Amino acid sequence: MKQAFKLGLVLLAALLAAHPSGAQTGPGVLRYAQPNVGTAHSRWFFYTPAAVPYGMAKLAPSTNGHNGNASGWEAVGYDTRQNSIEGFVHFHEWQVGGVSFMPTTGALRVKPGELDGPDTGYRSPFDRKNQVAEPGYYKVLLDKYRITAELTATKRVGFHRYTFPKSDQARILLDIGHKQGESSEVTDASIQMLDATHFAGFVSTSPKYVQTYDPGGRVAMYFYGELSKKPASVGAFGASGVQENTTAAKGPGAGLFLTYRTAEKERVEIKVGLSYTSTANAKANLLAEARQLTFDQAKAQAQATWQRELGKLAVEGPDEASKVKFYTGLFHALLGRGVASDVNGAYPKHGGQAGQLPAPGPGAGAKPEFLNTDAIWGGYWNLTQLWALAYPEWYGNFVNTQLQVYQDKGWFGDGLANSEYVSGVGTNFVGLAVAAAYQVGIRNYDVNLAYRAVKANELNWQHRAFGSGKMDVKAFAQRGYVPFKDEYKLENGVYYKTDSTGSYFAASHTLEYSFSAFAAAQMAKSLGKQADYQTLLKLSNGWRELFNPQNQLMQPKKADGTFVDKFDPYEPWRGFQEGNAVQYTFFVPQNPAALIAAIGPRQFNNRLDSIFTASEKNGFGGGKEIDAFAGIKAIYNHGNQPNLHISWLFNFAGQPWLTQKWTRAICNEFYGTEPIHGYGYGQDEDQGQLGSWYVLAALGLFDVKGFTDARPVVELGSPIFSKATIRLGNQKTLVIEAKNTSATNVYVQSATLNGQPLANCWLYRDELMRGGTLAFVMGPQPNKTWGTQVPPPSAQ
C-alpha cells in the first residue's frame, strides 16, 4: 500500500510538472498527439503507441508484420487500410523487429494467416471503432475471439493485459520465431518456461541491410516474461509441428502456446523485460523498472512521461487541427530512436557481443544511453534542431552512441541496428550532426575524440568499412567532386554502386559531402585547427564543380571534367539519390548567398517561388499517390529529405515574406490529421524527422545549416500559434507570441525579442536560448520592408 501511494505521488508530480504555466494541462496534450495519423503505408517503426519516449519496448499491433518486405525498408507492420490483427509485437526499430504475442480462443492455430484470408490463421478482424491508440497506451477488441487486448510499456518492459470471454480454450501464443517487419528471416530462436509463470528466450535475425552493410553481423533480441496467472497447460510449436505438454521450443518458427480456462471478463497480464544483450539483462531490466508495477500503474506512468515530455512545448490558440499536427509530429519525433542499452549500461556490440558503457564522471549528470537509430539523413534539418532546443539529453545520447561505435569499429555508422551498420542511403551525415552538437554546447563527451571521428568521416578512405558509407570520399577529397559513373546504375547485379572512383549518385553525394565538410571545417575552426579548417572549407565548395551556368542547375560531372549528356533535370536517381537535379540544385545550405549570386537574386527568387506555386497544386509532394517515392520526380518533394530546407532560403534572398508564405502553406497542405493523409500521401517519415519539421516551422524557427556555424543562427518564419511556451534544454523559458496570427494572417509585420525590435529575419541562437519573449505581429499582407536589411550569414 505504501509503495502504491508513493508511486501515485510521483505520477501526480509528473503530471503537474508537465505544464507549470497551466497551458494545455491535464489530458489535453495527449489528446492532440494521435498515433493513428499517417498510418497508411507507414514504416515499421512508425506506429508504436504503447511506448515511452525513446523506449526499447515499443509495443504495437501488427496487421502484416510477418510478411516482411523484399527491399528491407518498405512499409510494413500496421496499415490503416487493413482490418485484421495478427499479433502484438515488442521490438520496432530500423531493421529490428520481433517477439509477437497473440491471445486467442477456440481451436489451436499456430500460423498468423494472410490478410485476404483471416480465417486461415490465428489473426482476428477488428473494428477501429473499438480501438484506442494514445501515447503510452493501446487497446483493441479482437472480434474473432471477443478478447480485449491492452498494451503499455516502461522504457524496457512491455505490458499486456488480455480480457477473455468464458472459455476452456483460451490461449496466449508466444510466436517468437518468425520475421517481423524489417528484421528478415529468423536465424535462431529459443523460448522456455522457467517455472509456472516465468519464461525467457531470444530471437536472432540477419536483416537485409545488415547482410548488405555489415556481413557477419546479427541482431539479437532477448526477453524475460512474467505471467499473472499460471496456465492450465503449455505446448510448443515450430518447424517440426505442434507438441502438446512441452515447455520449450527452439529454432526458426519456434513458439509456445499457453492454455487457460477463463471466466467471463477474466484478465491475464504479462510483463516482458527486453534486452539486446542477454536474457539475464532482460530480467534485470524488468526487475529495475517494473517489479512492483501493475498494468494500470505502468499506463499511468507512461502517460505521465509523455505528458511531461510533450509538455515541454506548450502551444495555445483556437486552431485545433494545427495542435493535432504539432503534437502528433512531436510524438513521432520523441518516439523515433530507441534505447538499446540496459539499466546496467550493457549495450549490443558487433556480432552479438555485449559491451559496457563507461560510467559518467563526477558531476557529469545522467549517463548517456546507447541508441538504435535510422540514418540522420535529413534529420539535421529538424530532429537535431528540436533536440538542441528542448531535448539536449537525446542529442547527447546520439553523439555518445556514435562515438562508442567509432571506438568499437573505427567509423561512424549512419544507421545502426545493435551496433551493426545499416546505412540505407550509403552516405553519412553523422559527422555533421556531431559537429553541430559541439556548436550548440552539447559536449558531454571527449571533444578531441569527437573531432578525430568527424575529421575521419569527411576525409579518410583507407580501409573504410562499407557500412560506414561515403565509399567515394577518396574521389571527393582528391578531386573536389565525385565523378558520375552511368554504368554503376547496375554493376554485377548491384544497383546504384559507389566506390573510391565514383558513384551513380555522384551529384547528390558531392553536394552532401560539401555541406558536411563545411560543418567539420567550422568545428576545426572553433578548436583552433587552422590547417584542417582550410582543407575542409575548400572542400565545402565542391558544389561549384557541378553548377552548370548554362542551365543554372546542378549537373553530374564525369571523371574527365565534362557534364553528363542526355541530361534530364526531372529524372530521379541518375546522379541524385531519391531526387532529381531540379530539387538538388538548391542543396547548398552551407552557403546560400553564393548559390543565390550564381543564379542571380531575381532569377533565384522567381524560380523558387514558381516551384512552390506549382507544387502547391500537388500537395508539395507526390499528390495523393500513396508511396514513399511518389514525389521524387516532382520539382519539390516535402515527403523526402533533400528539399526540406529550401522554403527557408527566401530569407537569404531578400524576400522573407515568401518563406513565411510557403512554410505556412506546407504546414497547411502537406501535413494532415487523418490516418491516410498524415505526412503527405507519399511520405518517408524516417523516425520523426518530418514531424520535427512541422514542429519547428509551426514555432517559426529553423536553420538551413543545421546549427553547423561556429556561431549558429536561427531563421524566423511564420509562427502558427498565438502563444508557445518552450522549456528550453538549459531550463530557461522561451515564449513565442504571434499577435493576430490566423489562417490568413501569415505574414510578419514586425517582431521583438524581449521588447527590443528585430530588424532582421534571423537572430543568433545563443540570443534565443537566453529565454524571454519573442513576439511577432502578424498580418494578411507581406511587409516587404521587414527582415530585409541584413540576410542571415552564409559562408564563414
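Which residue in β33 is the bridge partner of Phe-702? You will find the reply in the first close-up below, and every view here comes from a predicted model.

**View 1. A three-stranded open sheet built from β32, β33 and β38.**
The strands follow the order β32-β33-β38, and their pairing is antiparallel. At the edges stand β32 (701–702) and β38 (762–764); each has a single partner strand, so one side of each is left without a neighbour in the sheet. Two bridges link β32 with strand β33 (residues 713–716) in the antiparallel sense. Here is the partner we were looking for: Phe-702 is bridged to Glu-715 in β33.

**View 2. A seven-stranded open sheet, with a look at its β1 edge.**
Follow the strands in the order β1-β3-β4-β10-β17-β14-β15, and you will meet antiparallel pairing. The edge positions belong to β1 (60–62) and β15 (241–243), each with a single partner strand, so one side of each has no neighbour in the sheet. On average, and ignoring direction, neighbouring strands of this sheet are turned by 25° against each other. Now zoom in on β1: three bridges join β1 to strand β3 (residues 87–93), and the two run antiparallel. To find your place in this pairing, look for Pro-61, whose bridge partner in β3 is Phe-88.

**View 3. Strand β35 with its partners β34 and β39.**
Strand β34 (residues 723–727) pairs with strand β35 (residues 733–739) over five bridges, in the antiparallel sense. Within this pairing, Lys-723 stands opposite Glu-737 of β35. The hairpin of β34 and β35 has five residues between the strands, and in this hairpin Gln-731 takes a positive phi near 75°. Strand β35 also pairs with strand β39 (residues 772–779), here over six bridges and in the parallel sense. A handy landmark for that second pairing is Lys-739, which stands opposite Val-777 in β39.

**View 4. Helices α17 and α18 side by side.**
Two packed helices are described by the angle between their axes and the distance between the axes. For helix α17 (residues 601–616) and helix α18 (residues 656–669), the angle is about 20° and the axes are 11 Å apart. Angles under 35 degrees count as roughly parallel, and α17 and α18 are therefore roughly parallel to each other. The crossing in which α17 passes α18 is left-handed. On the α17 side, the contact is made by Asp-609, Phe-612, Thr-613 and Glu-616, while α18 brings Leu-658, Trp-662, Ala-665 and Ile-666. Sorted by class, this contact of α17 with α18 has five nonpolar, one polar and two charged residues.

**View 5. Helices α6 and α19, packed at an oblique angle.**
Helix α6 (residues 320–335) and helix α19 (residues 689–699) pack with their axes 7 Å apart, at an angle of about 135°. The two helices are therefore oblique to each other, and the crossing of α6 and α19 is left-handed. From α6, look for Ser-322, Lys-325, Phe-326, Gly-329, Leu-330 and Ala-333; they meet Gly-691, Ser-692, Tyr-694, Val-695, Ala-698 and Leu-699 of α19. The residues of this contact of α6 with α19 comprise seven nonpolar, four polar and one charged.

**View 6. Helix α8, its packing with α10, and Asn-397.**
Helix α8 and helix α10 (residues 447–459) pack at an angle of about 75°, and their axes are 10 Å apart. That makes α8 roughly perpendicular to α10. In the contact, Leu-403, Tyr-406 and Gln-407 of α8 meet Leu-449, Ala-450, Arg-452, Ala-453 and Ala-456 of α10. By class, the contact of α8 with α10 has six nonpolar residues, one polar and one charged. Also in α8 (residues 392–409) is Asn-397. With 6% relative accessibility, Asn-397 counts as buried. Leaving aside residues up to four places away in sequence, Asn-397 touches Pro-368, Glu-369 and Leu-371.

**View 7. Two loop residues with positive phi, His-41 and Lys-566.**
His-41 sits in the loop between α2 (28–32) and β1. Its phi is near 55°, a positive value in a residue other than glycine. Is His-41 buried or exposed? At 18% relative accessibility, His-41 counts as buried. Lys-566 lies in the loop between β31 (553–554) and α15 (581–584), and its phi is near 50°. Lys-566 is exposed, with a relative accessible area of 74%.

Note on methods: Residues numbered from 1 in each chain as written. Predicted model: local features only at pLDDT ≥ 70, side-chain atom pairs only at ≥ 80, totals over all residues. Heavy atoms only, no water. Pairing = 2+ DSSP bridges. Helix = DSSP H or I, 4+ residues; strand = E, 2+ residues; numbered from the N terminus. Axes fitted to C-alpha atoms, helices over the stretch in contact; angles between N-to-C directions. Buried < 20%, exposed > 50% of the residue type's maximum accessible area, 1.4 Å probe, protein only. Contact = heavy atoms within 4.5 Å. Parallel < 35°, antiparallel > 145°, perpendicular 65-115°, else oblique. Left-handed = near helix turned anticlockwise from the far one by under 90°. Nonpolar A, V, L, I, M, F, W, Y, C, P; charged D, E, K, R; others polar.
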